[in-house]
Amino acid sequence: MKKWWHDKVAYQIYPKSFYDSNGDGIGDLRGIISKLDYLKELGIDIIWISPVYCSPMVDQGYDISDYYNIDPRFGTMDDMEELLKEAKARNMYILMDLVINHCSDQHEWFKKALEDPEGEYADYFYIREGKGNKPPCNWRSYFGGSVWEKIPNTNKYYLHLFAKEQPDLNWENPKLRHKLYEMINWWLEKGLAGFRIDAIINVKKDLRFEDFPADMEDGLCSIDKMLEAAEGVGDMLYELNEETFKKYDAFTVGEVFNEKEGELHKFIGKDGYFSSMFDFEIETLGKSEKGWYDNKEFTTNELRKAIFNSQLKTMDIGFKANIIENHDEPRGVSHCIKDEECNDNAKKMLGAISIMLRGIPFIYQGQEIGMTNNKFSSIEEIDDISTIDQYKLAIKQGLSEKEAIKIVNKYSRDNARTPFQWDNSDNAGFTTGRPWLVVNKNYESINAASQIEDKDSVFSFYKELIKLRKSEEFKEVIVYGKFRPMLEEYDNIVAFCRELEDKKIMIIANYQNEEQIIKLPEKFKGILLNNYESLEIEKDKVRLQEYEVVILEIY
Ligand code: NOJ
């Protein structure tokens, strides 16, 4: 059955770094309102806004102290309502971030739980007795160290899978769950189109709270071990959907990393828990369980294989949300293309691959103008809690400060969080004040103002890609067409076909810094898009230049 969101193109805003309307150095809701026309021009329909609820900002808003209010840094509830109204006037849809695995230690529920660790609110969290002088078990938090934090003057500990300021909510407690459903419905009533759902697989814990074999010298074990052992997340997610999203025909995108083998259909199939979930295949390439210091390089053939496998696995089940980056990852172009080759053609090529896949494209702010990783000179310039942990870990593993900062520059989440580069004025036009995080020095050459009018810019190419996706003639095949890998016998060529009945298009990306002649496997009908001026075709042979990408109609 067709759904309203199937043919939409989405965009992620990281509000703190998008546009600052009042000169305090922090992006805000009024800033977003003032840029809606820019997004409309690009062709965006759905906007996901990372958290803007009240928060102490230990983890940039992913630690919520009040789900019903907007943090004053970002504006007011009136601003939020205006944003919803202005988006609607432009036929655009707003998604908020739903962070319900944990809240902030400043949330009133948690404060009450600490005041009375035997009382009603204590059961909103996981509070357990320590084992002698030690925490209840040896799980390692995502941000390093034990998942357990001791409650002063007791032998009790509370559980936090992320930072200690982000206590996990006890989803076993029906009262808590219904409080969350109430809040979700309250927002949906306000006119949200749906949510991006944070860290949701973590809501089900292995309630035995027992040790697993340690996997590092700290004596702790990865939280993944616990997630593998935890059974029954599906019942929780089913109820969540029934009580909330389903009633509103909301669009939901889960941040799901560890679904169990063979369970994809339960998440995004017909009657799945969510509408969609992110495809993290590109982001997880080369990642080591041990930490960033141990990450490996990957080849284009590996990248191709990862994307293709995921497309084939998902095609008959549902729609994944396709990304090349987000606020938790380095910039996609820096992650997937060598620095010295990372020019506009290569950026456009990567964009074409992502936008033409089957699924819902999610563009992360700045991706459409080809923003790159930053060059942080020292750890002092970093704000992100996870980067600081990974930096310390790298040093502990014997890397020098210089080597550790190199790792930070490659993988830090702050790479994607530097302010949006609007123009070539001071602070890239992001703020008239002092930006909360360094602005990437390359803003003079990479910025929106210089690209909007330039028909050869990365921005204009993204616009063309979206236009093609939405064109009357090709919309159906791009949204609903099957995905078929092609030309896999060539190294460094990412090629695939999208086909629906008698409509067929083919995407061929020459993912390397040298030209390549290839034999077309199907008869050529016409060129729909190309990142070079022209394409050399002779009979069934095409000569592709460095990082050339072409989208062809074929018979
Ligand atoms: C995933 C979010 O995207 C990330 O930014 C955050 O740190 C964790 N979940 C915890 O909420």
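Q516 touches Y490, D491, I493, N510, V542, R543 and L544, leaving aside residues up to four places away in sequence; a contact here means heavy atoms within 4.5 Å. The model is a predicted one, in which local features need pLDDT of at least 70, side-chain atom pairs count only at pLDDT 80 or more, and totals for chains, interfaces and linings use all residues. Residues are numbered from 1 along each chain as its sequence is written, and side-chain values use heavy atoms, with hydrogens and water left out.

Q516 sits in strand β17, which covers residues 516-519. Helices (H or I, at least four residues) and strands (E, at least two) are DSSP runs, numbered from the N terminus. The side chain of Q516 also makes a polar contact of 3.1 Å with the side chain of Q512. A polar contact is a pair of N or O atoms within 3.5 Å; within protein, one must be able to donate a hydrogen and the other to accept it, and residues adjacent in sequence count only if both atoms are side-chain atoms.

D491 turns up among the neighbours of Q516, and D491 has its own small set of partners: with residues up to four places away in sequence not counted, D491 touches N301, Q512 and Q516. With N301 there is a polar contact between side chains, at 2.7 Å. D491 belongs to the loop between β14 (482-486) and β15 (493-500). D491 counts as partly exposed because its relative accessibility is 48%; buried means under 20% relative accessible area, exposed over 50%, and partly exposed in between (1.4 Å probe, protein chains only). From D491 to P117 it is quite a trip: 60 Å from C-alpha to C-alpha, with their positions 374 residues apart in sequence.

Now for the chain as a whole. It has 19 helices and 21 strands. Its radius of gyration is 24 Å, close to the 24 Å that the globule rule gives for 555 residues, so the chain is as compact as a globular protein of that length. That radius is taken over C-alpha atoms, and the globule rule is 2.2 Å times the number of residues to the power 0.38. Along the principal axes, the C-alpha atoms fill a box of roughly 80 × 55 × 50 Å. Of the 555 residues, 62% count as buried. Looking at contacts between residues at least 6 apart in sequence, 71% join residues at least 24 apart. The chain exposes about 22800 Å², and carbon and sulfur atoms supply 46% of that area. Accessible areas come from the Shrake-Rupley method with a 1.4 Å probe; for residues, only the protein chains shown count as cover.

Next comes the ligand. Around it are D59, Y62, H102, F143, F162, R196, D198, E255, H327, D328, R413 and R417, where being near a molecule or strand takes a heavy atom within 4 Å of it. This shell divides into 3 nonpolar, 2 polar and 7 charged residues. Ala, Val, Leu, Ile, Met, Phe, Trp, Tyr, Cys and Pro count as nonpolar, Asp, Glu, Lys and Arg as charged, and the others, Gly among them, as polar. A side-chain N or O atom of R196 is 2.9 Å from an oxygen atom of the ligand, and for H327 the corresponding distance to a ligand oxygen is 2.8 Å. D328 has a polar side-chain atom 2.4 Å from an oxygen atom of the ligand. Taken alone, the ligand exposes 290 Å², and the protein buries 98% of that.

A few single residues round things off. N373 lies in the loop between β13 (360-364) and α14 (385-396) and counts as buried because its relative accessibility is 14%. The side chain of N373 reaches the backbone oxygen of K410 at 3.5 Å. Beyond residues up to four places away in sequence, N373 touches P330, R331, S334, N409, K410, N415 and N440.

Two residues that are not glycines have a positive phi: D271, at about 60 degrees, and Y547, near 50 degrees. D271 is in the loop between α9 (264-268) and β11 (276-279), while Y547 is in the loop between β20 (541-544) and β21 (549-554). D271 is exposed, with a relative accessible area of 62%, whereas Y547 counts as buried at 4% relative accessibility.
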